Every structure is written in structure tokens, then in C-alpha cells.
Amino acid sequence: MPLVLDTGPLLAALDAADPDHRRCAKLLSETDEDLVVPILVLAELDYWCHQRLGVAAWLTFLEDLLAGAYWLEPATTADLTRCHDLQARYSDQSLGVVDASVLALVERLGETKLATLDHRHFAVLRPGHVEGLVLLP
């Protein structure tokens, strides 16, 4: 089974000073599941690495991705349609397209869990295929 990754756990795993570093690094290194990075998460991670950590952290992650440590998943047209629906439904939550695309992918893959530090959004969002998601770590 794949484990879909939101930006937060990836960024925390790269940043030894982050308070969530240990548990996120442990989750990524100890899981037996395929680690899935949605394409829009990749773009957001690039931005935050450059803002907070510098290019070296980004390049380390990108090297791992290219070496096969992560599975990069593109957004489909159906995913983007679902993003539109989610952003309209949850307009009071200021739901961005990255988080909406993460939920759309989780739904498409039929996953019941998600690696995220963003409980503000993902504890409120209701996926179409299960009552709620198990949020890791």
C-alpha cells in the first residue's frame, strides 16, 4: 500500500531543527510502504526548502526522489476537478490547491491514511471514500 505524503512531514524530515523532525524522519525511514509525493507537493516542498533550509536540502531530497526513494504522482484532470469541488465546498477553510490535490490523490488511491502535519485542514476535510483519514505520524 502506498503512503501519500503532504509537504509538512517531508520538510520536517529534512530540517533537523524542526520540532517534528524525529518523528517524521522515523516515519519516512521505517515504513514498508511506497512513499508517494503528489506533484503539487513537490513544488511546495521546493519553495519551502529554498525559503527555510537552502538549496542543499532541496537537492538532497531531489536526489533521493530521482534514486527511487519516492514515487512521484502527477495530478490528473479528474484530480483537478476534485480540487475545484473541494475548494468550493471548503471555501471557509482557505483550502489551497496543494492540500486539495493531496486529498484527491488519497481518494483516487483508496488510501485511509495520510502523512501530514496539517491537522487544521485534514481533520476537517471529509474524503469521499472513508469517514476520515488516519493522520500520521
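Let's start with Cys24, which is fully tucked away in this predicted model: its relative accessibility is 0%, so Cys24 counts as buried. Cys24 is in no disulfide, and the nearest cysteine sulfur, that of Cys49, sits 13 Å away. Turn to Cys49 and you get the matching view: its closest cysteine sulfur is the one in Cys24, and 13 Å is too far for a bond, since a disulfide needs the two sulfur atoms within 2.5 Å. Cys49 is buried as well, with a relative accessible area of 0%. For the structure as a whole, the disulfide count is zero.

Cys49 also takes us to a helix pair. It is one of the H3 residues that touch H4, along with Leu42, Leu45, Asp46, His50 and Leu53. From the H4 side, the contact is made by Val55, Ala57, Trp58, Phe61 and Leu65. By type, that contact splits into nine nonpolar residues, one polar and one charged. As for geometry, the axes of H3 (residues 39-53) and H4 (residues 55-66) come within 7 Å and cross at roughly 150°. That angle is over 145 degrees, so H3 and H4 are roughly antiparallel to each other.

Now hop over to Asp18, in the loop between helix H1 (7-14) and helix H2 (21-30). Is this loop residue buried or exposed? Asp18 has a relative accessible area of 14%, and the cut-off for buried is under 20%, so Asp18 is buried. A polar atom of its side chain lies 2.7 Å from the backbone nitrogen of Asp20. Leaving aside residues up to four places away in sequence, Asp18 touches Ala12 and Arg52.

Note on methods:
Residues numbered from 1 in each chain as written. Predicted model: local features only at pLDDT ≥ 70, side-chain atom pairs only at ≥ 80, totals over all residues. Heavy atoms only, no water. Helix = DSSP H or I, 4+ residues; strand = E, 2+ residues; numbered from the N terminus. Buried < 20%, exposed > 50% of the residue type's maximum accessible area, 1.4 Å probe, protein only. Polar contact = N/O pair within 3.5 Å; in protein donor to acceptor, adjacent residues only side chain to side chain. Contact = heavy atoms within 4.5 Å. Axes fitted to C-alpha atoms, helices over the stretch in contact; angles between N-to-C directions. Parallel < 35°, antiparallel > 145°, perpendicular 65-115°, else oblique. Nonpolar A, V, L, I, M, F, W, Y, C, P; charged D, E, K, R; others polar.
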